[in-house]
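Me: Please take a close look at the side chains in this predicted model. I want to know which ones are buried, and how they touch, pair and bridge.

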Amino acid sequence: GRFQPMSKHHVATYKHLVDKFGKDKVWVASSNKQDKIKSPLNIKEKDLIAKKHGVKNFEFEVMPYVPKRILSKFNPKTTALIIVTGKKDESRLSSFKRASKFSGLDNLVPFEDEKNPYMSYYIAPHKSVKTPWGELNGTLVRNVLSTPIEDEKKAKEISKMLLGWYDKKIFQLLQDKFSSIAEIDEDFIKE
């Protein structure tokens, strides 16, 4: 995923996957594609935030749906690849010739070739997280954090709503990165 930034709704999905498959078997892949509005964080910044969320295995991939760097760590004859996505991105995976919808652990096949792997794709259940501004998503997080928040008490409150934790340096990094985004209604922030 893009994880711009990884927030509470991403972490809820991650925890679901850890419960289903085990922490050592769950890897999070993200590219280093950047643009000033939708994807301002670089891969090192995304990794820093993922680690703060407790994500054990976070990896840079040129193409996250074909995670060559991750696959290179495993035996292609004995390891199955399950790519996880949300419902809105399912069409991206169903078009892969060597992809099939996940139908249980007993039906998995080894990925065999890291350049053109066999894979199963799993549609993660939607994890809804409500905030005072609406349902949590990346655009909402970037918009809320694009407005300077000087009061540390308010910064902690907002960070915990969006991210689940507060880290002064990371919060400032996000504020700096998102400052070029158009401002939103500041009523909640100023209260």
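Reply: The account below starts with the first helix and moves on to buried residues, rings and charges.

This is a predicted model, so local features need pLDDT of at least 70, and side-chain atom pairs count only at pLDDT 80 or more, while totals for chains, interfaces and linings use all residues. Residues are numbered from 1 along each chain as its sequence is written, and side-chain values use heavy atoms, with hydrogens and water left out.

Start with α1 (8-21). Helices are DSSP runs of H or I with at least four residues, strands are runs of E with at least two, and both are numbered from the N terminus. The 14 residues of α1 should span 20 Å at 1.5 Å a residue, and the end C-alpha atoms are 20 Å apart, which agrees. The expected span is 1.5 Å times one less than the number of residues. Buried residues in α1 are His 9, Val 11, Thr 13, Tyr 14, Leu 17, Val 18 and Phe 21. Buried means under 20% relative accessible area, exposed over 50%, and partly exposed in between (1.4 Å probe, protein chains only). The cover over these buried residues of α1 includes β1 (28-30), β3 (82-85), β5 and α5 (138-145). Just after α1, Gly 22 has a positive phi of about 105 degrees.

Phe 3 sits in the segment before α1. Phe 3 is buried at 14% relative accessible area. Beyond its neighbours within four places in sequence, Phe 3 contacts His 10, Val 28, Ala 29, Ser 30, Leu 41, Lys 46 and Phe 58. Contact means heavy atoms within 4.5 Å. The C-alpha atoms of Phe 3 and Ile 43 are 9.6 Å apart, with their positions 40 residues apart along the chain.

Ser 31 lies in the loop between β1 and α2 (43-52). Its relative accessible area is 16%, so Ser 31 is buried. The Ser 31 side chain reaches the backbone nitrogen of Lys 33 at 3.3 Å. Leaving out residues up to four places away in sequence, Ser 31 touches Gly 1, Ile 43, Lys 46, Phe 60, Glu 61, Val 62 and Pro 64.

Thr 131 belongs to strand β6 (residues 130-131). Thr 131 is buried, at 12% relative accessibility. Its side chain reaches the backbone oxygen of Gly 134 at 2.6 Å. With residues up to four places away left out, Thr 131 touches Leu 136, Leu 140, Met 161 and Leu 162.

Now the rings. The whole structure holds six aromatic pairs. Rings of Phe, Tyr and Trp (its six-membered ring) pair if their centres lie within 6.5 Å; planes under 30 degrees apart count as stacked, over 60 as edge-to-face and the rest as tilted. One pair, Phe 102 with Tyr 122, is edge-to-face, at 5.6 Å centre to centre and 90 degrees between the planes. Phe 102 lies in the loop between β4 (99-101) and β5 (119-123) and Tyr 122 in strand β5, so the pair ties together parts 20 residues apart in sequence. Phe 102 is buried at 16%, and Tyr 122 is buried at 12%. Tyr 166 and Phe 171 form a tilted pair, 5.7 Å centre to centre with 55 degrees between the planes. Both Tyr 166 and Phe 171 are buried. Ring pairs also link Phe 21, Phe 102 and Tyr 122 into a cluster.

Charges sit over rings too. Arg 98 lies over the face of Tyr 118, 3.6 Å from the ring centre. The charged end of Lys 52 sits over the ring of Trp 165, 5.7 Å from its centre. The test is NZ of Lys or CZ of Arg within 6 Å of the ring centre and within 35 degrees of the ring normal.

Last, the salt bridges. The structure has 12. Each is a side-chain nitrogen of Lys or Arg within 4 Å of a carboxyl oxygen of Asp or Glu. Arg 69 and Glu 59 meet at 3.0 Å, N to O. Arg 69 lies in helix α3 (residues 68-71) and Glu 59 in strand β2 (residues 58-60), so the pair ties together parts 10 residues apart in sequence. Arg 69 is partly exposed at 43%, whereas Glu 59 is buried at 11%. A network of salt bridges links Glu 59, Arg 69 and Lys 73. Glu 90 bridges to Lys 87, with the closest N and O atoms 2.9 Å apart. Glu 90 is buried at 12%; Lys 87 is exposed at 57%.

Definitions and conventions: Polar contact = N/O pair within 3.5 Å; in protein donor to acceptor, adjacent residues only side chain to side chain.
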